[in-house]
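Biologist: I should be grateful for a close look at one part of this model, the open sheet of chain A and the helices about it. Please set it in the context of the whole assembly as well.

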Number of protein chains: 2
Amino acid sequence: MKRAKLSVLPLILAAQPLWAESDPIKHDSEYYILFSQHAEQWADDDAAVDQRLAEFKEKNGGKPPNIFSILIDDLGFGDMGIPELNAIRGYDTPNINDFSDEGLRMVRMYTEPSCTPTRVAQMTGRLPVRMGMGDTAVDIAGFGLPGSEVILPEVLKQAGYATSHVGKWHMGDVAESWAMNQGFDYAQMAVHQQGQLTIFNDDAIKEQVSVAIQDYDDKYTIDGYFRPDASTMMTVIEGEAGGPINEIRMAPGERWNAQKYDEMNQAFQDKTMEELQRLAAGEEPFFLQYWPMIPLDNTRAGRDGPQSANGGLYVDKMQLLDQWLGDLFSEMDRLGVAENTIVVVMGDNGHFTKYSPQSGFTPMIFKGGKAETTEGGVRVDAFIRWPGMIEADGLLNSIVHVSDLYTTFARFAGAVQYIPRDRLVDGVDQSAALLFSDESKARRDSVIIYSADQPKAIVKDQLKLKLPPKGENPIIAKFYNLYRDTREEYPVSTEVGAWGGQEFVRILSRHQARKELFPDTPPAFGLPYEGVENMRPETKQAVDAFIVRRDSPKQ
Amino acid sequence: MKRAKLSVLPLILAAQPLWAESDPIKHDSEYYILFSQHAEQWADDDAAVDQRLAEFKEKNGGKPPNIFSILIDDLGFGDMGIPELNAIRGYDTPNINDFSDEGLRMVRMYTEPSCTPTRVAQMTGRLPVRMGMGDTAVDIAGFGLPGSEVILPEVLKQAGYATSHVGKWHMGDVAESWAMNQGFDYAQMAVHQQGQLTIFNDDAIKEQVSVAIQDYDDKYTIDGYFRPDASTMMTVIEGEAGGPINEIRMAPGERWNAQKYDEMNQAFQDKTMEELQRLAAGEEPFFLQYWPMIPLDNTRAGRDGPQSANGGLYVDKMQLLDQWLGDLFSEMDRLGVAENTIVVVMGDNGHFTKYSPQSGFTPMIFKGGKAETTEGGVRVDAFIRWPGMIEADGLLNSIVHVSDLYTTFARFAGAVQYIPRDRLVDGVDQSAALLFSDESKARRDSVIIYSADQPKAIVKDQLKLKLPPKGENPIIAKFYNLYRDTREEYPVSTEVGAWGGQEFVRILSRHQARKELFPDTPPAFGLPYEGVENMRPETKQAVDAFIVRRDSPKQ
């Protein structure tokens with residue numbers, strides 16, 4: 001049966017009269033496919049959501065809820081919140097497990113396959129490919145998130161929120177990308193991916209787990225630019241919006257090491273606690289973001305021995321992080337903000353399998369890990385707690401993409417009107433599904449999984465199509481039924497193959513057609529670290545080396 | 001460092017004076033290694049267990065607890081009791097999940113790798129290799145569990161228990177193997193592995209999923225003995241101890257089909273309900289055993305469509321079984337026996353991966369499935385509920401082998417003295433670990449995993465050695481750290497390899513040395529089905545064909 005290629009335009013036009021707003025958010029095409037089928041239901045649901053949010057606000061002294069968002073690095077599905085899966089791997093995260101019992105688990109939370117794009121999606125509500133941020137750079141890179149993006153704290157600030165960010169940032173080393181320049185009132189943030197800071201240091205060299213220049217007479221190494229010295233890179237910077245920005249963890253001449261990594265992490269924890277106390281004492285509703293760098297950890301040198309029966313480097317740090325989060329949750333109780341604060345805890349992408357099994361984590365329920373587009377790369381633990389508003393010990397089995405948090409948080413905060421209308425926003429409003437614990441109220445049933453700037457897989461319901469390489473006919477593309485085959489090891493080989501290939505390619509075609517209206521744009525390019533007041537001489541040299549590498553003849 | 005080969009004899013002698021009993025159970029060697037290190041603690045624990053059991057008995061009108069044991073076919077770890085893992089696979093087992101919240105999960109329950117040996121181990125408390133029952137026969141086989149074994153109901157009966165078995169048996173087609181001839185007061189049981197009954201039938205032939213003789217003119221098939229006609233095999237038999245035994249599901253001339261399979265399963269469920277009611281009304285404490293044949297299911301023909309979003313054949317039947325178990329649990333409440341009955345629900349071995357992904361189940365947390373000695377073959381869901389006596393919503397992360405249930409149930413029933421002392425018993429008493437939810441009170445930290453009559457792997461704590469083929473030096477044998485690597489995909493390649501190979505070989509050597517004192521013996525051989533009163537003419541012919549095949553010249 002031949003079907004005409006669907007254009008979304010008639011769907012949008014048809015949908016328009018039912019849409020409450022005169023200037024709606026511009027979504028990707030699949031949103032309108034669902035909207036055209038559920039518009040009336042969604043209008044009812046929106047009214048019910050509005051009512052519940054109004055009730056909350058009234059009870060909360062006229063203020064919308066605080067939002068405390070915790071995004072954990074490189075953590076796969078099932079690592080938190082399921083005591084059985086703790087036990088079989090010889091470790092324990094009791095505080096997070098208790099927390100998960102108090103909240104709702106978003107069982108089908110999809111992230112992007114690595115740190116940078118996931119964080120970009122959560123901050124911007126958009127697929128990272130839209131502004132050239134689909135890649136994770138570990139080195140000095142000279143690019144980052146453009147200032148033209150309207151990130152979540154900017155949206156919330158317009159609705160009266162105080163905003164603060166602590167921890168990893170990793171969305172660029174150019175100044176306009178940084179949290180305090182992007183809309184956070186205050187930020188203490190690590191500029192780079194921390195792996196680099198721990199791997200390229202003296203402790204790692206001792207353990208021979210580094211590619212850094214060795215300390216023996218290494219006469220065969222004549223290119224000093226090839227192997228980075230992480231000590232020269234910018235570490236942690238701190239500043240307020242509009243104010244000066246300073247590096248705070250390294251003095252000129254200092255060398256990075258495992259102990260400094262531990263101190264940095266402890267300092268992030270302590271600062272988060274401090275910010276929580278400060279913000280809780282303030283008049284405004286707050287948005288506090290904590291992006292810990294642990295559990296990532298790569299060197300045993302200079303550390304205590306195993307802290308768990310598992311003993312893996314990541315797993316031990318996961319237990320530490322559990323204590324830290326437990327401390328923050330207790331402090332929320334003490335401060336009296338547990339009831340009026342939405343807390344989200346989730347991973348940013350799957351395990352970093354390059355460090356398996358020493359990390360203590362290996363792929364298990366899903367196949368693969370970070371940087372792969374199998375579900376092990378993009379399915380993570382994700383919990384949301386909002387006492388009295390979101391079901392305790394609940395499960396939501398709808399597909400949720402990390403970008404949905406942008407739109408949904410904005411809705412919870414009464415800030416939807418500040419989401420920009422001049423660009424495409426991928427994140428959909430999942431507030432009805434969350435507030436009513438009801439999968440039939442979800443506003444997404446598919447996700448396009450990119451790796452950098454290439455779409456690699458499409459998930460719709462329980463079906464997953466692995467996109468064939470360019471030029472290959474999609475009707476032979478491999479298909480998986482995720483319910484029956486979580487590890488994508490048994491391609492479905494029946495008629496669904498031919499049918500599904502076509503249907504999925506239509507999804508991709510609509511997505512690409514929509515890009516003609518809203519084209520992808522490049523990231524911000526610039527000179528790394530410009531604008532840091534106290535730049536170290538070593539760092540200046542590293543920037544010089546970057547310029548040499550960047551500008552060396554390419555042909 | 002060279003160490004002398006350990007003999008267990010001095011350990012046993014040293015242990016003797018501390019052992020309360022004058023005639024202790026004879027265990028395998030590893031038990032005495034632990035006993036020599038924990039004898040005093042164990043004596044204290046035994047006293048504490050005795051006291052708690054005495055208190056229970058007093059409150060229970062002087063009677064020990066009832067025991068209701070449910071063993072489910074081919075079910076891997078994580079299929080029951082973890083709502084998140086239900087959700088990601090698109091099905092739901094709410095009743096079993098609730099049950100698991102009321103009981104304790106034995107997170108490291110090890111079975112044997114297939115149906116027959118697991119059932120033998122649970123019934124006899126012994127490794128199936130000890131009486132030649134390590135294999136699972138699917139066809140007419142002419143052998144089975146010897147009558148000389150003292151199985152659990154025989155032990156419990158001596159302590160005053162009424163005993164009943166309903167469902168799968170699958171421990172031989174010779175009469176002396178059968179439940180009603182082995183110690184159960186009553187049994188309604190399927191003689192064979194049910195796969196055969198569903199695969200070799202007309203519905204399966206229609207679906208072309210059968211190796212049975214096709215119904216078209218199959219002139220190339222001239223050996224009518226090679227492809228069995230399952231309709232000729234003995235199906236379900238029923239009888240009381242000492243009484244006549246009759247086949248109850250097939251009349252002469254009838255053909256087996258999917259509908260009959262469904263009816264048989266429903267009848268097992270109904271009979272279990274009936275037995276529960278009958279036994280609950282009796283004076284004696286009871287031991288009721290229900291071994292359902294579902295979730296195993298292999299043909300869609302003649303059935304309703306999918307019953308779950310997953311839609312797999314096994315998964316749909318798992319949802320049905322969940323309803324059925326829910327009905328039994330509710331009935332226990334109604335009958336007032338929930339409080340004084342120990343209920344165990346567990347799988348008998350991992351998924352039957354031959355039927356993946358159509359079954360709806362694929363290996364996930366552990367690698368492999370039924371008939372493999374990776375953990376996917378031998379790790380299963382296992383829950384025990386005893387209100388007020390065993391921790392609700394608890395976890396026990398100690399290694400428990402299915403044979404331990406034999407010894408532990410006997411202890412709970414006050415029937416340890418009826419466990420035979422003239423043979424080796426592998427099952428150890430785990431009552432202290434269970435009653436006090438305390439891993440340090442476990443009496444096992446290792447398990448030798450056999451496939452048929454060959455030891456294939458040894459697990460000690462979190463370490464697993466895959467035994468090398470005969471003649472290969474064990475110091476290069478592959479090692480896995482199960483905590484860090486549940487799927488056994490990253491062999492540990494450090495010094496532990498050489499050390500561990502030797503230490504593990506010592507475990508095996510001690511195990512084999514102990515066999516010199518207690519040698520393995522053969523199973524019972526005989527003519528299939530002898531003693532069934534109403535044997536069908538077709539079945540008699542099938543026995544004749546069996547004799548021809550058995551007695552055909554072998555050289």
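Modeller: The account below begins with the sheet, moves to the helices, and then turns to the two chains and to some details of the backbone.

The model is a predicted one. In chain A, ten strands form an open sheet with mixed pairing, in the order β7-β6-β5-β4-β8-β1-β9-β10-β2-β11. The edges are held by β7 (245-247) and β11 (394-401) of chain A; each has a single partner strand, so one side of each is left without a neighbour in the sheet. From one strand to the next, the twist averages 15°.

Strands of a sheet pair through backbone hydrogen bonds, in either a parallel or an antiparallel sense. Strand β2 (residues 104-110) of chain A and strand β10 (residues 382-385) of chain A follow the antiparallel sense, over two bridges. Within this part of the sheet, A:Leu104 stands opposite A:Ile384 in β10(A).

Helix α4 (residues 94-102) of chain A packs on the sheet, where it touches β9 (341-347) and β10 of chain A. The direction of α4 makes about 60° with that of β10(A).

Helix α4(A) also packs against another helix. Two packed helices are described by the angle between their axes and the distance between the axes. For α4(A) and helix α11 (residues 313-335) of chain A, the axes come within 7 Å and cross at roughly 50°. That crossing makes α4(A) oblique to α11(A). On the α4(A) side, the contact is made by A:Pro94, A:Asn95, A:Ile96 and A:Phe99. These meet A:Met318, A:Asp322, A:Gln323, A:Leu325, A:Gly326 and A:Phe329 in α11(A). By class, the contact of α4(A) with α11(A) comprises six nonpolar, three polar and one charged residues.

Helix α5 (residues 115-124) of chain A is largely enclosed by the rest of the structure, because ten of its ten residues are buried. Among the buried residues of α5(A) are A:Cys115, A:Arg119, A:Gln122 and A:Met123. Just after α5(A), A:Gly125 takes a positive phi of about 75°.

The context of the assembly follows. Chain B can be laid on chain A with an RMSD of 0.0 Å, by a turn of 180° and a shift of 0.0 Å along the axis. That is the relation of a two-fold axis. In chain B, the C-alpha nearest the axis belongs to B:Ile365, 2.6 Å from it. The copies meet through the same surface, because 100% of the interface residues of chain B are also interface residues in chain A.

Chain B offers a further sheet for inspection. Four strands form an open sheet with antiparallel pairing, in the order β12-β13-β14-β15 (chain B). Its edge strands are β12 (446-451) and β15 (479-481) of chain B, each pairing on one side only. Strand β13 (residues 454-460) of chain B pairs with strand β14 (residues 463-466) of chain B over four bridges, and the bridge partner of B:Ala457 in β14(B) is B:Lys466. In the loop between β12 and β13 of chain B lies B:Ala452, which has a positive phi of about 55° although it is not a glycine. B:Ala452 counts as partly exposed, at 24% relative accessibility. B:Tyr529 likewise is not a glycine and has a positive phi, of about 70°, but B:Tyr529 is buried, with a relative accessible area of 0%.

Finally, the peptide bond from B:Ile294 to B:Pro295 is cis, with omega near 20°. A cis peptide bond also joins B:Ser356 and B:Pro357, with omega about -5°.

How values were computed
Residues numbered from 1 in each chain as written. Chains lettered and ligands numbered in written order. Predicted model: local features only at pLDDT ≥ 70, side-chain atom pairs only at ≥ 80, totals over all residues. Heavy atoms only, no water. Least-squares fit on C-alpha atoms with pLDDT ≥ 70 in both. Contact = heavy atoms within 4.5 Å. Pairing = 2+ DSSP bridges. Axes fitted to C-alpha atoms, helices over the stretch in contact; angles between N-to-C directions. Parallel < 35°, antiparallel > 145°, perpendicular 65-115°, else oblique. Nonpolar A, V, L, I, M, F, W, Y, C, P; charged D, E, K, R; others polar. Buried < 20%, exposed > 50% of the residue type's maximum accessible area, 1.4 Å probe, protein only.
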